[in-house]
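Please open the structure in your viewer and keep the sequence panel beside it, since this tour moves from one selection to the next. At each stop, select what is named, turn the view slowly, and compare what you see with the description.

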Amino acid sequence: MKTVLVAGTFDIIHESHIDMLKNARNLGDRLIVMVSTDEFNWNEKQKRAYQEYNTRKYILEAIRYVDLVVPEQSWDDKALYIDMFDVDIFAMGDDWRGKFDDLKEQFPNLKTMYFPRGKTSSSKIKKDLWEMYQEKEG
C-alpha cells in the first residue's frame, strides 16, 4: 500500500486544491493531508488564515480523495508524519520546490513531488474579495 502525504494551509479551498488532492491521491492508496494550524501559520509562517483550522480540517475531511487529516504544528511535523505513517510520497505545491529536499536525507526511499499551482490560488481569491469590498465601500 502506497501512502501519500500532502501539506499546506488550504485556506479557502478552491479547484486548484481539489486538483492537487485528486492528483496526489492517484499516486497512492492512501492520502494524508497535513494542515497548518492557526498558531503555526501565525508564529512560523507569519501569515493569518481566513478560515480557522477546524473549518479547514472539516472541509478537507469531506473531500472524497482525502483519507486522513492531521495538524501541522511545526516544521518538524513533516518528518514526524512521514515516519509515523510510513509515507512513500511527499507532495507540495511547486511554490515550495526544493524547500523540503532535506527530507530525502532522513528518508532515502521517500519520493518528493511538487504540483503546479493551477489557475487560481487562495491569495488571489483573498485579493479579489478585498478589491470587491473596497469598490462596494468606495
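**The whole chain**

Begin with the whole protein chain coloured by secondary structure, and follow it along the sequence, where the elements come in the pattern β-α-β-α-α-β-α-β-α-β-α. That path comprises six helices and five strands. What you are looking at is a predicted model, so it is sensible to colour it by confidence as well: the mean pLDDT of the chain is 88, and 88% of its residues reach 70 or more. Among the elements, strand β3 (residues 68-72) has the highest mean pLDDT, at 98, while helix α6 (residues 122-137) has the lowest, at 65. Where pLDDT is low, the predicted coordinates should not be read in detail.

Now switch on the molecular surface of the protein chain, which has an accessible area of about 8,400 Å², with 48% of it belonging to carbon and sulfur atoms. Of the 138 residues, 43% count as buried. Among contacts between residues at least 6 apart in sequence, 64% join residues at least 24 apart.

**The sheet**

Hide the surface and select the five strands, which form an open sheet in the order β3-β2-β1-β4-β5, with parallel pairing. Which strands stand at the edges? They are β3 and β5 (111-115), and each has a single partner strand, so one side of each is left without a neighbour in the sheet. If you look along the sheet, you can follow how neighbouring strands are turned against each other, by 25° on average when direction is ignored.

Next, select strand β2 (residues 30-36) together with β3; the two run parallel and are joined by five bridges. At one place to zoom in, Ser36 stands opposite Glu72 in β3. Then add β1, which also runs parallel to β2 and is joined to it by six bridges. Here Val4 has Leu31 in β2 as its bridge partner. Is β2 enclosed or open to the outside? Six of its seven residues are buried, so β2 is largely enclosed by the rest of the structure.

**Helices on the sheet**

Keep the strands in view and add helix α3 (residues 53-61), which packs on the sheet and touches β2 and β3, its direction making about 165° with that of β2. Then add α4, a helix that lies across β1 (3-8), β2, β3 and β4 and runs at about 145° to β3.

**Two loop residues**

Select Thr37, which is found in the loop between β2 and α2 (38-43). At 7% relative accessibility, Thr37 counts as buried. Which residues does Thr37 contact, leaving aside its neighbours within four places in sequence? They are Tyr53, Arg56, Pro71, Glu72 and Gln73, and the Glu72 in this list is the residue that stands opposite Ser36.

Move on to Ile12, which lies in the loop between β1 and α1 (15-25). Ile12 is buried too, with a relative accessible area of 16%. Draw a distance from its C-alpha atom to that of Arg56: the separation is 7.7 Å, although the two residues are 44 apart along the chain.

**The aromatic rings**

For the last stop, show the side chains of the aromatic residues; a search of the whole structure finds six aromatic pairs. Start with Trp75 and Phe100, whose ring centres are 6.3 Å apart and whose planes meet at 35°, so the pair is tilted. This pair links distant parts of the chain, with Trp75 in the loop between β3 and α4 (77-84) and Phe100 in the loop between β4 (89-93) and α5 (103-106), 25 residues apart. Trp75 is partly exposed, with a relative accessible area of 33%, whereas Phe100 is buried, at 8%.

Stay on Phe100 and add Phe90, with which it forms an edge-to-face pair, 5.9 Å from centre to centre and with 85° between the planes. Phe90 sits in strand β4, ten residues from Phe100, and both residues are buried. Finally, select Phe40, Trp75, Phe90, Trp96 and Phe100 together, and you will have the cluster that is linked by ring pairs.

How values were computed:
Residues are numbered from 1 along each chain as its sequence is written. This is a predicted model: local features need pLDDT of at least 70, side-chain atom pairs count only at pLDDT 80 or more; totals for chains, interfaces and linings use all residues. Side-chain values use heavy atoms; hydrogens and water are left out. pLDDT is the predictor's confidence in each residue, from 0 to 100. Helices (H or I, at least four residues) and strands (E, at least two) are DSSP runs, numbered from the N terminus. Buried means under 20% relative accessible area, exposed over 50%, partly exposed in between (1.4 Å probe, protein chains only). Contact means heavy atoms within 4.5 Å. Accessible areas come from the Shrake-Rupley method with a 1.4 Å probe; for residues, only the protein chains shown count as cover. Rings of Phe, Tyr and Trp (its six-membered ring) pair if their centres lie within 6.5 Å; planes under 30 degrees apart count as stacked, over 60 as edge-to-face and the rest as tilted. Two strands pair if DSSP finds at least two bridges between them. Axes are lines fitted to C-alpha atoms, for helices over the stretch in contact, and angles run from 0 to 180 degrees between N-to-C directions.
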